[in-house]
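I opened this notebook to record what I looked up in one structure. The entries follow the order in which I took the topics.

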Amino acid sequence: MNQEVKIAEDVYWVGKNDNREVPFHRLILAKGTTYNAYLLKTEKPTIIDTVDFAFGREFVENLSQQIDPKTIQYIVINHTEPDHSGGLAALAARAPEATIVCTEPAVYELKEMYKLHQRNFLVVHDGDTLDIGGKTLKFKETPYLHTKETMITYSIEDKILFPCDIFSTHVANEEFFNDEASIDITEDFITYYNLIIHPHRRYVATLMDALEELDVQMIAPSHGYILRENVQKYIDLYGEMSANTQENKKATIIFTTIRKNTRKVAEYLKSTLEKDGIETEIFNTDKADHDEVLASVQQADAVFIGSSTKYADMIGNLEDILKALTEMDLEGKIAASFGSYGWSGEAIEVIQDYLYETNMTVQSTSQVIKTTGMTHVEFPIRVRFSLDDEQREKVDHSATFVAEQLLSV
Ligand code: FEO
C-alpha cells in the first residue's frame, strides 16, 4: 500500500513512483518518473488523473485502502495519454457510479481506448466549474499543450492547480514536494520543458492567459515534484522559455495555380507566417522572374513550394525552379511542399521528392510525429479543394510549426 500523502485539506496524492529507467517518447527517463494522481475526499469524492497503464490495477488496489471506489463520483481526465489515463479502465470498473470529466475531444479517445462506451461523461469547456461537495473545480482548456484534448483543473478553495503534464519533472521520488527535495529540481524542470513542452511552446501563451485569472498557490502536476515553494518562479520559467529567441527570419513561398485555390493556400501561408513574425516573400512562378525567385530562396530561412495538380503532375514552369534548387547549396533551410487538389494531389508529392534532392531540411508528417508526438501538424500541406475553416486550421498548424522552429533556434 502507498503511504498516505496529504497535500492539502482532503486532498491526497494517490499516484505511482516508477523508479525504473522508463522508456518514453523514444527516450529513456534515466531518473525514472512518477505518475501523480490525486484524490479529493469531498462529499462527491473525485479523482484527478490516474497512472500509467502498466500500474492500473495496483493504483486501484492502493486507492481502495483510502476510499471505497464505489463512492467515487467524478474522475477528471486532464490529458488522455496512457501514462495518465492508463488506470482509467481499472478504476472505472471499480467505480461504477463515477462520471468521467474531460474535454470534448477526449471523449472519443477515452471511449475507444478503454471501452467506455456505456459510461457517463461530463464534457467541460473553458471556464466551466464543477461543485464536488465542499470544493469547486474550475477547468481551463489548454489545447495542444501537448495534445489537442488537454485541459488543466484548478481547485478554487485550495488554490491548487492540477495541470497534468505541464510544470512536471521526470524524477522518481518519494519526497513529493519541491521544498522537501534533496536536489535543486530546476534543471530537471527545464529538461522536462525542453523535451515535452517546447515543441508546443506557441500554446504556452494560452496557458499563461489562463493562469492570469487563477491564484495558484500550489501546482500539483502529474509527473515528479509538487510545487508549493516559489510557485511563481516555475510559472515565470515557462513564460521565459517559451518566448522567441530569434528574430528577422525570412520565408519564401513559391507556387503555381490553376483555379486560384493553391494561390489562396499560398496567401494564407504568408499571412500566418507574417502573424508569427516571419518576413515572407511570395512568387507565382508563371509570372515572376526566376532569378529573383532563386535569390529570395537564397536569403530565406524557410521555403514553401506549392502547385495545383493536373494530369497527376505539377503545372506551369515550377519544375525549372525545383531543378535549379537541387543545384544550390541550401543547407540549414527548412522546406515544405503544399498545394490544393481535387482528386489525388500528386503534384504535392512530386514537389516533396524534388525537395528531398536538395540539402534543405524537408518537413514530413512522419518526422513531426516521431520527434514531437504531434498528430495535428501535417507535411506536405495538402488542401482538398478550397480553404474552409478546418483546412485553414491545418495550414495554420503547419506554418506555425515551421515558424516556431525558426524563432526558437
Ligand atoms: Fe505524461 Fe503526455 O503524458
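**Entry 1: the largest pocket**

I asked first where the largest pocket lies; domain 1 (5–242) and domain 2 (250–407) both give residues to its lining, so it lies between them. I note that the model is predicted, that local features need pLDDT of at least 70 and side-chain atom pairs pLDDT 80 or more, while totals for chains, interfaces and linings use all residues. Residues are numbered from 1 along each chain as its sequence is written, and side-chain values use heavy atoms, with hydrogens and water left out.

I took the term pocket as an open set of points on a 1 Å grid over the protein atoms alone, with protein on both sides within 12 Å along at least five of seven lines; a cavity is a set of points where a 1.4 Å probe fits but cannot get out, and lining residues have an atom within 4 Å of a point. A volume is the space filled by probe spheres set on the points, with grid points joined across faces, edges and corners.

The largest pocket holds about 430 Å³ of space. I found 19 residues in its lining, and Y144, K148, T375, H376 and H397 lie nearest its centre. Two elements, α4 (104–114) and α13 (389–407), give two or more residues to this lining. With 5 residues, α13 gives the most. Helices are DSSP runs of H or I with at least four residues, strands are runs of E with at least two, and both are numbered from the N terminus.

I sorted the pocket lining by class and obtained 3 nonpolar, 8 polar and 8 charged residues. Here Ala, Val, Leu, Ile, Met, Phe, Trp, Tyr, Cys and Pro count as nonpolar, Asp, Glu, Lys and Arg as charged, and the others, Gly among them, as polar.

**Entry 2: the two domains**

I recorded the division of the chain into domain 1 (5–242) and domain 2 (250–407), with bounds that come from an automatic or database domain assignment. Their C-alpha centres lie 38 Å apart. The contact (heavy atoms within 4.5 Å) takes 7 residues from domain 1 and 10 residues from domain 2.

**Entry 3: cavities**

I counted 2 cavities of 30 Å³ or more. The largest cavity has a volume of about 60 Å³. Its lining includes R201, R202, Y203, H376, H397 and E404, and each domain supplies at least three residues to it. By class, this lining has 5 nonpolar, 4 polar and 3 charged residues.

The second largest cavity has a volume of about 30 Å³. Among the residues that line it are H79, T142, L145, C164 and D165. Its lining divides into 6 nonpolar, 3 polar and 1 charged residues.

**Entry 4: helix α9**

Which residues of α9 (290–299) are buried? I found V293, L294, S296 and V297 buried, where buried means under 20% relative accessible area, exposed over 50% and partly exposed in between (1.4 Å probe, protein chains only). They cover an arc of only 155° around the axis, which puts them on the same side of α9; the arc is that of the directions from the helix axis to the C-beta atoms. On the other side of α9, D291 and Q299 are exposed. The buried residues of α9 pack against β17 (250–256), β18 (279–284), β19 (302–307) and α10 (318–326).

**Entry 5: G56**

I located G56 in helix α1 (residues 56–64). G56 is buried, with a relative accessible area of 4%. Leaving aside neighbours within four places in sequence, G56 is in contact with V51, G86, G87 and A90.
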